[in-house]
Amino acid sequence: MIQAFGLTSAPRRGLPLALDDVSFEASGGRVTTLLGTPGSGKTTALRLMLGLQRGRGVTYFRGRPLHRIAYPAREVGVLLGDVRGNPGRTLRDHLAMVCAAAGVQVGRADEVLETVGLSEMRGERLGTLSPGMERRFGLAVALSTDPHTLVLDDPTGRLAGVDSRPMLDTVRAYASQGGTVLWATTDAEVAARIADRVVTLDKGRVVADQGVGEFARTRLRPRVVVRSPQAARLAAVLARQARAERRPVEVVPDGGNRLTVFGGSCAEIGEAAFRSGIPVHRLADETGDMGAPGDGGAPGLDHAAGDRPYEASPVASAMSPVAGGTVPAALGGGRMRRVEDTPDEPTSDRDPGRPPGEAALLPAPPGDTSPHRGASGPTSASSASGRTGARPGRAGLGPAPRVRTHGSRARTVPGPQRPFRYELRRATHLATAVRVGAVVVCASMVSAAVLAHVGHAPPARVLAAWPGAFPLPPAALGAALLGALASGEEFRYPVLTLDRCAVPQRFGLLAAKLLLVGAMAAVLAAVVVLADVAALLLVPGRSASEVPADWAAQVGGWVGLIVGCSWLGVLGAGLFRSTAAGLAAAVAVPVVVAPLLGRLRDGVPVTAAAGPPVRAGEAVSPGWLSEGWPSWAAFSRLVGQPLDSAVVLSLLVLLGGCLLIWLRGRAR
């Protein structure tokens, strides 16, 4: 159940409020629509409910505000606008990321794809989807977190009637299992087809809150459209017949040969035209939105006679529990239970096709032994806490997680519930890392061969493929790019957010990124060195067997440089919310930070990470400590180099910036 009270948007200078004191309720087991013209405040209401926009008011999801729900993604499934995802990622891979973030089994991705009819397209890329497929996939994303509630913003707005049918079927099946659906739309015909209750907004205010039966009677005025070459004569005939029979029939000429007749039927008009010898070219029933109550009601959207109020397709009928079929596992398929009608809503408004007093059948989730549950869903005190009662879509996923409380306030768990699994799927389901690694290896081999052929570079720089004119070797630049992409994609394709807003700093996710990117950088460093050794074997007169005496320190410095650059890319892109900023943070180390440190250290020049230690190591390593602990001496020689010191200093500064942003967010 959703309960919204006093939703009011933030005031804007010189403009009226987009939403002004809006309150409504969406019951469990039903589809509630927010209906209104563009600009009436529907999207603003949804964003205020989800905390994506500043304003006043409070919204309860099953008795709790969203910020007090430990796992919001598993409570509310959201579809606002287009699907946010890398266009090169496949449908299943994207859903696998969402499942890892929500802490549900990866098999859920296959279930929801089958539910929305996209199982055969699981290997397709997001960038190749048609508008209809994209909207259906957006519904799959909303269902993938196994939510109790769906919040959908005009999911069929750009689709034709045939394309929207699978989505309507899926949403009705979801609601039939006890889920709560809040559907915002501008199309009154869609609202009449799918909704159990219609809340009409106009200029930011609620102007009507009706059951679908009352809405159809008062808002969707039936009419007959007639086209005839003798339209004026037919209008006169119909007017005389209505006066003679004393029936409230209204004939409205629409220009040319078209008439709109209110209060009549196709049979009556056809018989009158036949008796008068008037040819008729078109005769069809139509319905349309008559506008908000009290606004005079000129006909709005037109729909053909075939667009009747919602009727399930054969697939939906086979899934419907009333028809005796089964419901897909992704929507909570299982055994059936009887659910009696609640007294607060007339039966005709909820299910016009069901006789009064007849109970509908809803499937009970596995393990639920309760004798019945109200159609409004789990709204009792125990269910409001989110721990008891059935949950749609939980088949095979075990019990819902417990909310850990501190006092009277639930402790929220920010970020993905399985951050390393989420990050692993993000990094491995695209070929970006492989392509970057291949380019880096090729560039390193060419650079090493050129340096070996010239013969002026020291062996350490030859093996690292690091020309003296370059601030960083190709491996360091590639590692920095991989790190920058790890954070930059979260802002370019924000999978972890409900809408296109900033991704908050999550240290669990940040640690997973640093760990995975660091491992990838270490592997890249080793592969580059091996590839450079192979390249040296192809250069005449050069041998790859030249091993320096301090090889351990040089190897440590090399791996530290590559891993440090990758971490700089992660932290820089996460702090400045840009992939380019992450790459720039790594390049700035040898260009800006290291020269400054060199000047502070009595003009010591910048040296390679694998070069000899500088005099700054003497200040780090006192003689008595070096003699007693050889490992400290090696560490001091490594840290004493300006480039390595600059990397460490830059990492500390960026990590401190992330910590400050996190503390500021906690304070807010």
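Trainee: Where does Thr44 sit?

Mentor: Thr44 is part of helix α1, which covers residues 42-49. Bear in mind that this is a predicted model.

Trainee: Why is Thr44 called buried?

Mentor: Its relative accessible area is 15%. Buried means under 20%, so Thr44 makes the cut.

Trainee: Which residues does Thr44 touch, leaving aside those up to four places away in sequence?

Mentor: Ser9, Ala18, Leu19 and Gln53. To count as a contact, heavy atoms have to come within 4.5 Å.

Trainee: What makes α1 "mostly covered"?

Mentor: Seven of its eight residues are buried. They are Lys42, Thr44, Ala45, Leu46, Arg47, Leu48 and Met49. Just past the helix, Gly51 has a positive phi of about 75°.

Trainee: What does α1 pack against? Start with the sheet itself, please.

Mentor: The sheet is an open one, with six strands in the order β6-β7-β8-β3-β9-β10. At its edges are β6 (76-79) and β10 (205-211). From one strand to the next, the twist averages 15°. Helix α1 lies on this sheet and touches β3, β7 (149-153), β8 (180-185) and β9, and its direction makes about 145° with that of β8.

Trainee: Why are β6 and β10 called edge strands?

Mentor: Each of them pairs on one side only.

Trainee: How do you know that β3 and β9 pair?

Mentor: Two strands pair if there are at least two bridges between them. Strand β3 (residues 31-35) and strand β9 (residues 197-202) have four, so they qualify. They run in the parallel sense, and one of the bridges puts Thr32 with Arg197 in β9. The pairing across the whole sheet is mixed.

Trainee: What is the strand order in the four-strand sheet?

Mentor: That open sheet runs β12-β13-β11-β14, with antiparallel pairing. The edges are β12 (250-253) and β14 (282-286), each pairing on one side only. Here the twist averages 20° from strand to strand.

Trainee: How do you know which way α9 and α10 point relative to the strands?

Mentor: Compare the angles. Helix α9 (residues 231-245) touches β11, β12 and β13 (258-262), and makes about 15° with β13. Angles under 35 degrees count as roughly parallel, so that label fits α9 and β13. Helix α10 (residues 266-275) touches β11, β13 and β14, and makes about 160° with β14. Over 145 counts as roughly antiparallel, so that is the word for α10 and β14.

Trainee: What makes β11 "largely enclosed"?

Mentor: Four of its five residues are buried, so the rest of the structure largely encloses the strand. Strand β11 (residues 223-227) also has a partner on either hand. It pairs with β14 over five bridges in the antiparallel sense, and five bridges join it to β13, again antiparallel. In β14, Val226 is matched with Leu283, and Arg223 stands opposite Glu286. In β13, the bridge partner of Val225 is Thr260.

Trainee: Now the helix pair. Why is the packing of α14 on α18 called what it is?

Mentor: Helix α14 (residues 419-428) and helix α18 (residues 507-537) meet at about 50°, with axes 9 Å apart. That makes α14 oblique to α18. The value is not under 35, not over 145 and not within 65 to 115, so oblique is what remains. The crossing itself is right-handed.

Trainee: Which residues make the contact between α14 and α18?

Mentor: From α14 come Pro419, Phe420, Tyr422, Glu423, Leu424, Arg426 and Ala427, while α18 supplies Gly508, Leu509, Ala512, Lys513, Leu515 and Leu516. They split into nine nonpolar, one polar and three charged. Gly counts as polar here, so Gly508 is the polar one.

Trainee: Last one: is Leu126 buried or exposed?

Mentor: Leu126 has a relative accessible area of 14%. The limit for buried is under 20%, so buried is the right word. Leu126 belongs to the loop between α4 (107-115) and α5 (131-144).

Trainee: What does Leu126 touch beyond four places away in sequence?

Mentor: Val83, Gly85, Asn86, Pro87, Arg89, Thr90, Leu91, His94 and Phe137. Thr90 is 36 residues away in sequence, yet its C-alpha lies 6.0 Å from that of Leu126.

Key
Residues numbered from 1 in each chain as written. Predicted model: local features only at pLDDT ≥ 70, side-chain atom pairs only at ≥ 80, totals over all residues. Heavy atoms only, no water. Axes fitted to C-alpha atoms, helices over the stretch in contact; angles between N-to-C directions. Helix = DSSP H or I, 4+ residues; strand = E, 2+ residues; numbered from the N terminus. Left-handed = near helix turned anticlockwise from the far one by under 90°. Buried < 20%, exposed > 50% of the residue type's maximum accessible area, 1.4 Å probe, protein only.
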